Amino acid sequence: MRVLLVEDEVRLADNLAAALRDGPGFAVDWAADGLAGDDLAGNGCYDLIVLDLMLPRLDGACLLRRLRSRGDATPVLILTAKEGKDSIIELLNAGADDYLPKPFDLGELIARAKALIRRGKGKAHPLLCALDVTVNTLEQSVQRKGVLVDLSPTEYRILEYLMHNPRKVVSKRELLEHLYDYNWEHHSNVIEAHVSNLRKKMDSALPDALPVIETLRGRGYRLTAEKEA
Amino acid sequence: MKLPGRNSIAFRLIAAVLAVELFSAVLVGFLSLGYERHNHFHAFDTMLRGRADSVLGAVQDAEDKADNVMLDRADLHLPHTDVYEVWDDAGHLLGRSDNWQGCGEGYTPQKHDVFKLARVNGHEYRIIRRHGSRIVDPVKPGGGRLRRVMVVYGAPVAPVWQAIWGTVDFYAAGSLLLLLVTGPLIAWLLHRGLLPLRQLAALAADVSVDAWQFTPPPSAYRTPELAPLTHALESVLARLERAFVQQRTFVSDAAHELKTAVAVIKSSLQLLNLRPRSAAEYQAGLERCLADAQRLEDLVAKMLTLARVESGGVLNGPAPASDLASCVQDTQLQLAPFAELRRVTVKTESPAICRVALSGEDGSLLVSNLMLNALQHSPGETEVLVHLRVEDGNAVLSVEDRGEGIDPAVAPHVFERFYRGDPSRARTTGGAGLGLAICKGIVDRAGGSIELASELERGTTMTVRLPLA
């Protein structure tokens with residue numbers, strides 16, 4: 001998952017980015033002011049935007065309105081140090097999905113970030129199930145028919161992304177965009193290797209199982225369609 | 001209608017008007033007393049003279065050899081309380097009223113009428129002594145004989161005084177009645193007249209910290225006595241509201257800054273605690289936390305400085321004075337390592353001594369904030385020029401850098417608290433956006449001015465003018 005962090009306080013941004021990368025393993029892009037944030041958000045490759053309100057050049061509320069007026073549906077989590085319910089109500093009405101008052105708890109921020117991403121993909125529960133595969137997004141563990149599959153962080157993130165969009169064809173580019181921050185192009189040659197490893201590990205967990213991921217040549221990957229048993 | 005209290009303007013006005021009325025009533029009383037007394041006694045004297053003449057008319061030829069005169073009282077019809085006697089020039093009493101023993105003076109030769117007061121039968125009488133003459137047998141050869149007589153005539157004065165007092169009493173009663181009627185009338189008129197004042201007071205009473213709305217009634221503007229008060233109230237309220245809004249903004253800005261600083265420390269610690277880490281990682285994390293705490297400490301110190309600088313309008317004790325030239329030299333020395341680190345040359349030009357009306361602490365704070373600001377915005381291999389001089393009785397300090405300059409749109413805001421021209425840059429260079437606000441606070445308090453001239457990509461010059469000590 002890829003997160004855009006718009007926050008002008010450098011040290012706070014450092015900590016938030018480190019926590020989001022370390023904990024749930026998100027790719028994090030950082031923008032130090034509102035205009036840069038608006039620019040990056042325009043790429044449309046984010047699964048969540050974490051937005052500070054008091055920003056230089058373009059404040060958080062304006063950025064949010066611009067985003068929503070473009071029809072961008074990316075979940076937005078607001079960070080605010082402002083007092084008063086009025087501004088919160090106003091922000092939620094303007095299209096924000098959630099807010100956290102400063103100073104916040106990092107654990108809570110990560111949990112809310114995960115929940116917002118999940119909701120953004122139409123899932124209500126942290127346990128993702130498709131075919132015979134179960135992904136626990138809290139423990140970051142994967143099981144196939146109850147058998148634990150050991151995956152590397154990148155392989156897990158690929159699988160999690162596909163599990164969030166079960167019937168969708170996910171292009172290599174989209175996968176790259178959502179798994180890495182803005183230097184993703186450096187990783188483009190290794191993504192195929194990661195998918196291949198992932199497929200091997202998933203299929204070898206059960207000897208007679210169907211392949212989990214199918215490749216649509218020139219278009220991308222998707223989870224194998226469920227067959228009637 | 002409520003009765004006005006003892007200290008109210010209405011009460012005082014009513015009391016003043018009534019006192020004036022009372023005074024004029026007394027004055028009218030005395031004047032009328034004098035006037036009536038003069039009039040009545042004038043008439044009384046005329047009457048006395050007339051009655052004395054009628055007594056004189058009753059003096060007739062006695063038809064004797066000596067050509068004497070006599071008083072014939074048969075035709076005299078005079079008030080029974082009046083008294084009279086008639087003397088001739090030979091000193092004979094010709095006649096006297098029955099109710100009198102006479103004044104006992106006899107004939108006194110005098111040309112003019114003489115009036116005097118005397119007590120007759122226990123009452124006060126006004127007495128006239130009138131001289132007249134009779135010619136006995138005028139048809140005789142030689143023209144008859146001239147006989148001089150003197151009539152003494154008196155009448156009681158009590159009825160005259162009665163008439164005078166009657167008139168004065170009438171005036172007094174009239175005045176008193178007027179007082180009684182005008183008292184409540186004035187009270188009512190004043191109550192009506194003071195209506196705009198009460199309306200204004202009611203509106204002013206509605207103003208509170210949460211509701212600054214104050215629209216004076218039009219009557220308050222139209223009333224010349226109220227207009228200055230209304231204008232004063234309006235401007236005071238406007239100033240107070242501005243101050244309150246400023247204070248509130250400061251508190252909310254300060255809270256925002258402090259919360260962000262706390263959020264940094266908290267997140268640093270939680271990040272460290274997210275998963276088990278190596279000793280080296282913990283150590284690095286702790287160092288970062290310490291640095292974050294140090295920044296929080298600096299922020300609080302700056303806020304307190306700003307509060308101190310902005311709070312005191314009035315300075316206690318002797319007027320402060322310090323040497324700005326030595327402040328410049330000291331600051332240059334202090335900032336030398338920082339300038340070296342940023343590869344910026346600092347050039348100063350200043351007189352040997354330049355005393356300004358600032359405390360030493362404020363002086364160094366001002367100079368170091370300006371120089372630090374210039375250094376932070378100077379790219380490497382450039383110069384910062386600090387120039388101190390005396391112009392028109394003011395100390396003029398200018399600090400010039402060759403930095404990126406300040407956007408004209410941003411320039412008016414740089415002296416605002418927590419304002420950062422380029423926040424991401426200011427954050428990384430450690431500014432909290434308070435430095436220039438502190439400078440402005442110091443300069444304002446000393447009665448000086450601070451302004452900036454800037455050109456994008458060319459640099460910025462901050463100029464401070466301070467009165468000399």
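Q: How many salt bridges does the rule find across the interface of domain 1 of chain A and domain 2 of chain A?
A: In this predicted model, the rule finds zero salt bridges across that interface. A salt bridge calls for a side-chain nitrogen of Lys or Arg within 4 Å of a carboxyl oxygen of Asp or Glu, and no pair across the interface of domain 1 of chain A and domain 2 of chain A is counted by that rule. Polar contact is another matter, since nine residue pairs are counted between domain 1 of chain A and domain 2 of chain A, both residues being at pLDDT 80 or more.

Q: Which elements supply at least two residues of the side of domain 1 of chain A that touches domain 2 of chain A?
A: They are β2 (27–31) and α5 of chain A, and β2(A) gives the most, with four residues. By class, this side of domain 1 of chain A has six nonpolar, two polar and six charged residues.

Q: What are the domains of chain A, and what separation do their centres have?
A: The domain assignment gives domain 1 (2–120) and domain 2 (127–223) of chain A, and their centres, taken over C-alpha atoms, are separated by 26 Å. The contact between them takes 14 residues from domain 1 of chain A and 13 residues from domain 2 of chain A.

Q: How much area do domain 1 of chain A and domain 2 of chain A bury between them, and which residues of domain 1 lose the most?
A: The two domains of chain A bury about 1,100 Å² between them, with 43% of it on carbon and sulfur atoms. In domain 1 of chain A, the residues that lose the most area to domain 2 of chain A are R2(A), K114(A) and R118(A), which together account for 38% of what that side buries.

Q: Why is the pair R277(B) and D22(A) called a salt bridge?
A: The closest N and O atoms of R277(B) and D22(A) are 3.1 Å apart, and the cut-off is 4 Å between a side-chain nitrogen of Lys or Arg and a carboxyl oxygen of Asp or Glu, so the pair qualifies. Across the interface of chain A and chain B the rule finds four salt bridges, and it also finds ten residue pairs in polar contact there, both residues at pLDDT 80 or more.

Q: What does chain A bring to its interface with chain B?
A: Contact joins 21 residues of chain A to 22 residues of chain B, and the two chains bury about 2,100 Å² between them, 60% of it on carbon and sulfur atoms. E9(A), R11(A) and P103(A) supply 26% of the area that chain A buries against chain B, more than any other three residues.

Q: Why is the pair K102(A) and E7(A) said to tie together separate parts of the sequence?
A: K102(A) forms a salt bridge with E7(A), the closest N and O atoms being 3.5 Å apart. K102(A) lies in the loop between β5 (98–101) and α5 of chain A, whereas E7(A) lies in the loop between β1 (2–6) and α1 of chain A, so the pair links parts that are 95 residues apart in sequence.

Q: What makes the peptide bond from K102(A) to P103(A) noteworthy?
A: The bond from K102(A) to P103(A) is cis, with omega near -10°, whereas most peptide bonds are trans. P103(A) is found in the loop between β5 and α5 of chain A.

Q: What sets the phi of Q140(A) apart?
A: Phi of Q140(A) is near 55°, a positive value in a residue other than glycine. Most residues other than glycine have a negative phi. Q140(A) lies in the loop between β7 (133–136) and β8 (141–144) of chain A.

Q: Why is the pair F41(B) and F44(B) called edge-to-face rather than stacked?
A: The ring centres of F41(B) and F44(B) are 6.2 Å apart, which is within the limit of 6.5 Å, and their planes stand at 85°, which is over 60, so the pair is edge-to-face. F41(B) and F44(B) are three residues apart in helix α1 (residues 9–57) of chain B, and therefore about one helical turn separates them.

How values were computed
Residues are numbered from 1 along each chain as its sequence is written. Chains are lettered from A and ligands numbered from 1 in the order in which they are written. This is a predicted model: local features need pLDDT of at least 70, side-chain atom pairs count only at pLDDT 80 or more; totals for chains, interfaces and linings use all residues. Side-chain values use heavy atoms; hydrogens and water are left out. Contact means heavy atoms within 4.5 Å. Buried area is the accessible area (1.4 Å probe) that two parts lose on being put together, summed over both. A polar contact is a pair of N or O atoms within 3.5 Å; within protein, one must be able to donate a hydrogen and the other to accept it, and residues adjacent in sequence count only if both atoms are side-chain atoms. Domain bounds come from an automatic or database domain assignment. Ala, Val, Leu, Ile, Met, Phe, Trp, Tyr, Cys and Pro count as nonpolar, Asp, Glu, Lys and Arg as charged, and the others, Gly among them, as polar. Rings of Phe, Tyr and Trp (its six-membered ring) pair if their centres lie within 6.5 Å; planes under 30 degrees apart count as stacked, over 60 as edge-to-face and the rest as tilted.
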